[in-house]
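Got your viewer open? Here's a short tour, one selection at a time.

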Amino acid sequence: MTPPRVLTIAGSDSGGGAGIQADLKTMLALGVHGMSVIAAVTAQNSVGVQGYWELPAEAVRAQIDSVLGDIGAQAIKTGMLASPELVALVAEALAGVDAPVVVDPVGVSKHGDPLLAPEAVQTMATRLLPVATVVTPNLWEVEQLTSYKVEDEDGLRPAAEAILELGPTWVLVKGGHLPGPPVDLLTNGAEEYRFAAERLDNRHTHGTGCTLASAIASHLALGEDVPGAVGKAKEYVTGAIAGGFPLGAGIGPVDHAW
Ligand code: PLP
């Protein structure tokens, strides 16, 4: 039987921990058929991103048309899009597509290496977020997109409201960088959910954000509504972080084989 199909439009991580590689591993683990449009290629390992190259707009557009023109997708996830041109192209391509879109507004890697040109943040805010069903910013990305700085858990709600003004249907503000037990806030303006978790004592968390957004997209494709998909995706990521393992000299990846 044909499983639900999920498309990731993102960057390749040569080290296999984040990006397209994390997306496809998550999709396999959750029982959907994963497909990939590669927007950029990174030279990357456990200690950082040594370089990245975006693909020509024509190549990104052609991949999207190939996949959606024949196979179709029940959900789409976007990750590293590198440049304002690619962010705008993807926003335009997804505007008419009848499938939920999960946007991970990737800006920098855990090591602080840039994955998005600074001038692309505005394009993301004005073009891509309006077509998002769910956008999953961390606190740094909230500040980049809205200039709002979250200082503590009370700041999550105003942060979410500032993101919603940019036009996505739902926002999941990831509060994991605040001190204390991590709390994420999901809202569409009318409904609000808080997802609390224990802080896991594992530094091998490379690929967490990509994995969460892909798990949300996969559960949407499997028929969950947004709060249900986020809840199940959080469970998946918690298991994946618990199993994160050392690799190379730096930060190892989360585990998808748990
Ligand atoms: N590399 C690529 C291609 C990514 O898309 C991302 C995150 O979205 C990263 C690296 C960074 O992953 P992390 O912040 O988990 O190290």
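Where is the place of S147? Select it and you'll land in the loop between α5 and α6. Keep in mind that this is a predicted model. S147 comes just after α5 and takes a positive phi of about 70°, although it is not a glycine. Is S147 buried or exposed? Count the C-beta atoms around it: there are 8 neighbours inside 10 Å, so S147 counts as exposed.

Now step back into helix α5, residues 139-146. Colour L139, E141, V142 and L145, the buried residues of this helix. Look down the axis: they cover an arc of only 155°, which puts them on the same side of α5. What covers them? Show α4, α6 (156-164) and β7 (170-174), which are among the elements doing that job.

From that cover, pick α4, which spans residues 120-128, and zoom in on V121, which sits in it. V121 is partly exposed, because 17 other C-beta atoms lie within 10 Å and the buried label needs 20 or more. Skip its neighbours within four places in sequence and V121 is in contact with L116, Q144 and L145. The last of these, L145, is one of the buried residues you coloured in α5. For a distance check, draw a line from V121 to A159: the C-alpha atoms are 16 Å apart, with the two positions 38 residues apart in sequence.

Next, add helix α3, residues 84-95. Its axis and that of α4 come within 8 Å and cross at roughly 10°, which makes α3 roughly parallel to α4. To see the contact, select P84, V87, A88, V90 and A91 in α3, together with A120, T123, M124, R127 and L128 in α4. By type, the residues of this contact divide into eight nonpolar, one polar and one charged.

Stay on L128 for a moment. Apart from its neighbours within four places in sequence, L128 is in contact with V87, V90, A91 and V103. The largest nonpolar core has 77 residues, and L128 is among those that touch the most other members, along with A39, M80, A82, V90, I216 and A217.

Last stop: A82, from that list. You'll find A82 in the loop between β4 (75-78) and α3. A82 also has a positive phi of about 70° although it is not a glycine. Is A82 buried or exposed? With 24 C-beta neighbours inside 10 Å, A82 counts as buried, whereas S147, where you started, counts as exposed.

Definitions and conventions. Residues are numbered from 1 along each chain as its sequence is written. This is a predicted model: local features need pLDDT of at least 70, side-chain atom pairs count only at pLDDT 80 or more; totals for chains, interfaces and linings use all residues. Helices (H or I, at least four residues) and strands (E, at least two) are DSSP runs, numbered from the N terminus. A residue is buried if 20 or more other C-beta atoms lie within 10 Å of its own, exposed if 12 or fewer, and partly exposed in between; C-beta atoms are placed from the backbone. Two residues are in contact if their C-beta atoms, placed from the backbone, lie within 7 Å. A nonpolar core is a set of buried Ala, Val, Leu, Ile, Met, Phe, Trp, Tyr and Cys residues joined through C-beta atoms within 7 Å. The arc is that of the directions from the helix axis to the C-beta atoms. Axes are lines fitted to C-alpha atoms, for helices over the stretch in contact, and angles run from 0 to 180 degrees between N-to-C directions. Angles under 35 degrees count as roughly parallel, over 145 as roughly antiparallel, 65 to 115 as roughly perpendicular and the rest as oblique. Ala, Val, Leu, Ile, Met, Phe, Trp, Tyr, Cys and Pro count as nonpolar, Asp, Glu, Lys and Arg as charged, and the others, Gly among them, as polar.
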